[in-house]
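I opened this notebook to keep track of what I look up in the structure. The entries follow in the order I made them.

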Amino acid sequence: MENSLSYLFITALSYPFIALYNAGAASFRTSQNLRFPMAIAFGSNILNILGNIFFIFTLNLGVAGAALSTLLSRIISAAIILILLKQPKQDLYIDSYLSIRPEIETIPKILKIGIPTGIENGMFQFGKLVIQSTVSTMGTTAIAAQAMVATLESFACQASICIGLGRMSVVGKCVGAKEYEQARHYTILLTKYAWIACFICCATILFPIKQITSLAGMEAESAKLAIWLTRIVFTYKMIFWTPSFLPSYGLKAAGHVKFSMITSTLSMWICRVIVTIFLVHTFHMGPLAVWIGMGADWTIRSFIFLARFKSNKWLEHKVI
């Protein structure tokens, strides 16, 4: 219990530095400098890994050591990006952090985007916690298989998510310049690229899935269940994941965040949470119920977001 409390306390201390890094990284991305944030994030993760080895295996600090390593890596990454932001050679730089003052007129515009997005992410994470609590009652075999499939599924969509984040900048500039046809064009084009990236990533994991579970050292029964689930989930993911998530990036870029928040939250709780709990407790379907609920969520979101995109109502919104 004491180690868990130490972990939570130290982890909480890292959040302000994560926020500082994200703010600095956003400034670089706005000026189309993606190299610095990527290099800093890469170095921070390497430092975090080395710190874990030192604090956990050398100093025997356990979970508190893992949290301490994370804290130090986040402090260093935040410090580096704040120092780089003061360099005049950057397109966007800060003369003095002490001279920064809040702009009252700008804050509501930021909150108009930030609050719905924060609520959407918060409800999403809370729903995942409820699902995980349901999975924890299924036994060690199902828990191990579910953890493996969830990790692989999350990894398989990272490339598409990166394309979606990049599309927010592109579409946001197009809408801000009132180039609505360009906004539609790049939304469709980058969605196609994200679809291809998702397909490639899923296939890259799907074909060697037996070797992946073997490399992870899973027990035979858990590995068999994980392989079966991966084949089902990834086949469906190739089709429905991209249209269920990528259009929302375009909507958010145009300032249409409330629609995305309401759609995502309702779909998450109705399909993923309620359907999963119902299938688990009524039909005793095990971890398959989680992915049926998630597949239903992807399908419904796909049709709703695509219909909204075709309606062009998202182009009627603006941030500034």
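Entry one, the surface. The model is a predicted one, and I began with its nonpolar surface. I found a nonpolar patch of about 660 Å² made by Phe-42, Ile-46, Ile-49, Leu-50, Ile-53 and Phe-57. I picked Ile-49 from this list and located it in helix α2, residues 35–58. Is Ile-49 buried or exposed? I noted that Ile-49 counts as partly exposed because its relative accessibility is 47%, and the partly exposed class runs between 20% and 50%.

Entry two, helix α3. I looked up its span: residues 62–84, 23 in number, reach 34 Å from the first C-alpha to the last. The expected value is 33 Å at 1.5 Å a residue, and the two are close. I then checked burial in α3 and found that the buried residues include Ala-64, Gly-65, Ser-69, Leu-71, Ser-77 and Ile-81.

Entry three, the interior. I looked up the largest nonpolar core, which has 35 residues. Phe-234, Trp-241, Trp-291 and Trp-298 have the most contacts inside this core. I listed the elements that give it two or more residues: α4 (107–135), α5 (140–156), α7 (180–206), α9 (220–253), α10 (257–283) and α11 (288–311). Which element gives the most? I found that α9 does, with 12 residues.

Entry four, one tryptophan. I followed Trp-291 and left out residues up to four places away in sequence. Trp-291 then touches Gln-146, Val-149, Ala-150, Glu-153, Leu-229 and Val-233. I also recorded a second, separate core of 12 residues, with Val-175, Phe-259, Phe-309 and Leu-315 among them.

Technical notes: Residues are numbered from 1 along each chain as its sequence is written. This is a predicted model: local features need pLDDT of at least 70, side-chain atom pairs count only at pLDDT 80 or more; totals for chains, interfaces and linings use all residues. Side-chain values use heavy atoms; hydrogens and water are left out. A nonpolar core is a set of buried Ala, Val, Leu, Ile, Met, Phe, Trp, Tyr and Cys residues joined through side-chain atoms within 4.5 Å. Buried means under 20% relative accessible area, exposed over 50%, partly exposed in between (1.4 Å probe, protein chains only). Helices (H or I, at least four residues) and strands (E, at least two) are DSSP runs, numbered from the N terminus. Contact means heavy atoms within 4.5 Å. Patches are made of residues with over 30% relative accessible area and no salt bridge: like charges are joined within 9 Å, nonpolar side chains (Val, Leu, Ile, Met, Phe, Trp, Tyr) within 5 Å. Accessible areas come from the Shrake-Rupley method with a 1.4 Å probe; for residues, only the protein chains shown count as cover. A salt bridge is a side-chain nitrogen of Lys or Arg within 4 Å of a carboxyl oxygen of Asp or Glu. The expected span of a helix is 1.5 Å times one less than its number of residues.
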